[in-house]
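Q: Please take a close look at one part of this protein, beginning with its strand pairing. Then follow that part outward into its surroundings in one connected account.

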Amino acid sequence: MDSFGHVNNIVYFRYFESARIACFDRIGYPASMEASGVGPILAATECRFRVPLTYPDQLIAGSVIEQIGDDDFTMGYGVFSRQHNAVAARGS
């Protein structure tokens, strides 16, 4: 929590990371990385904060692969607040 009682901004990026890892697990990416010895790097990230999150709240974090290029891909993220019944943040 920050000094205003909100979830600190950096925590949203941890939510994105959790969603990213869950997405990779779901599509079997860890096995591919292990077999090839090649894995992704996080080249850039951004977040648009929509609703301040406070404790207690229940969140849903999700991710999707939005674009696949020759040597890169872009993932989109969303964090949904049950307390507010709204998207709290979107990112990529």
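A: In this predicted model, strand S2 (residues 59-68) and strand S3 (residues 73-81) run antiparallel and are joined by nine bridges. A hairpin of four residues leads from S2 to S3. Within this pairing, serine 63 has tyrosine 77 of S3 as its bridge partner. In a regular strand, side chains alternate between the two faces of the sheet.

The two strands belong to a protein with two helices and four strands, and the order along the sequence is α-α-β-β-β-β. Along the principal axes, the C-alpha atoms occupy a box of roughly 45 × 20 × 20 Å. Of the 92 residues, 20% count as buried. Where contacts join residues at least 6 apart in sequence, 57% of them connect residues at least 24 apart.

Strand S3 also takes part in the aromatic pairing of the protein, through phenylalanine 73. The count of aromatic pairs comes to six. One of them is formed by phenylalanine 13 and phenylalanine 16: the ring centres lie 5.8 Å apart and the planes meet at 80°, so the pair is edge-to-face, since an angle over 60 degrees is classed in this way. Both residues lie in helix H1 (residues 9-26), and because they are three residues apart there, about one helical turn separates them. Their exposure can be stated for each in turn. Phenylalanine 13 has a relative accessible area of 27% and is therefore partly exposed, while phenylalanine 16, at 2%, counts as buried.

A further pair leads from the helix back to S3. The rings of phenylalanine 24 and phenylalanine 73 have centres 6.2 Å apart and planes at 75°, so this pair is edge-to-face as well. It links distant parts of the chain, with phenylalanine 24 in helix H1 and phenylalanine 73 in strand S3, 49 residues apart. Phenylalanine 24 is buried at 10% relative accessibility, and phenylalanine 73 is partly exposed at 34%. Elsewhere, Tyr12, Tyr15 and Phe49 form one aromatic cluster.

Phenylalanine 73 appears again at the largest pocket, whose volume is about 470 Å³. This pocket is lined by 19 residues, and those closest to its centre are Pro40, Ile41, Leu42, Ala43 and Phe73. Helix H1 and strand S3 each contribute at least two residues to the lining. The largest share, four residues, comes from S3. By class, the lining consists of 11 nonpolar, four polar and four charged residues.

The account can be extended to strand S4 (residues 86-91), which holds alanine 88. With a relative accessible area of 0%, alanine 88 is buried, because the cut-off for that class is under 20%. Apart from its neighbours within four places in sequence, alanine 88 is in contact with Val79, Phe80 and Ser81, and also with Tyr12, Arg48, Phe49, Arg50, Val51 and Leu53. Two of these contacts, Tyr12 and Phe49, are members of the aromatic cluster that includes Tyr15. The C-alpha atom of alanine 88 is separated by 9.8 Å from that of alanine 61, which lies 27 residues away along the chain.

Definitions and conventions
Residues are numbered from 1 along each chain as its sequence is written. This is a predicted model: local features need pLDDT of at least 70, side-chain atom pairs count only at pLDDT 80 or more; totals for chains, interfaces and linings use all residues. Side-chain values use heavy atoms; hydrogens and water are left out. Two strands pair if DSSP finds at least two bridges between them. Rings of Phe, Tyr and Trp (its six-membered ring) pair if their centres lie within 6.5 Å; planes under 30 degrees apart count as stacked, over 60 as edge-to-face and the rest as tilted. Buried means under 20% relative accessible area, exposed over 50%, partly exposed in between (1.4 Å probe, protein chains only). On a 1 Å grid over the protein atoms alone, a cavity is a set of points where a 1.4 Å probe fits but cannot get out, and a pocket is an open set with protein on both sides within 12 Å along at least five of seven lines; lining residues have an atom within 4 Å of a point. Grid points are joined across faces, edges and corners, and a volume is the space filled by probe spheres set on the points. Ala, Val, Leu, Ile, Met, Phe, Trp, Tyr, Cys and Pro count as nonpolar, Asp, Glu, Lys and Arg as charged, and the others, Gly among them, as polar. Contact means heavy atoms within 4.5 Å.
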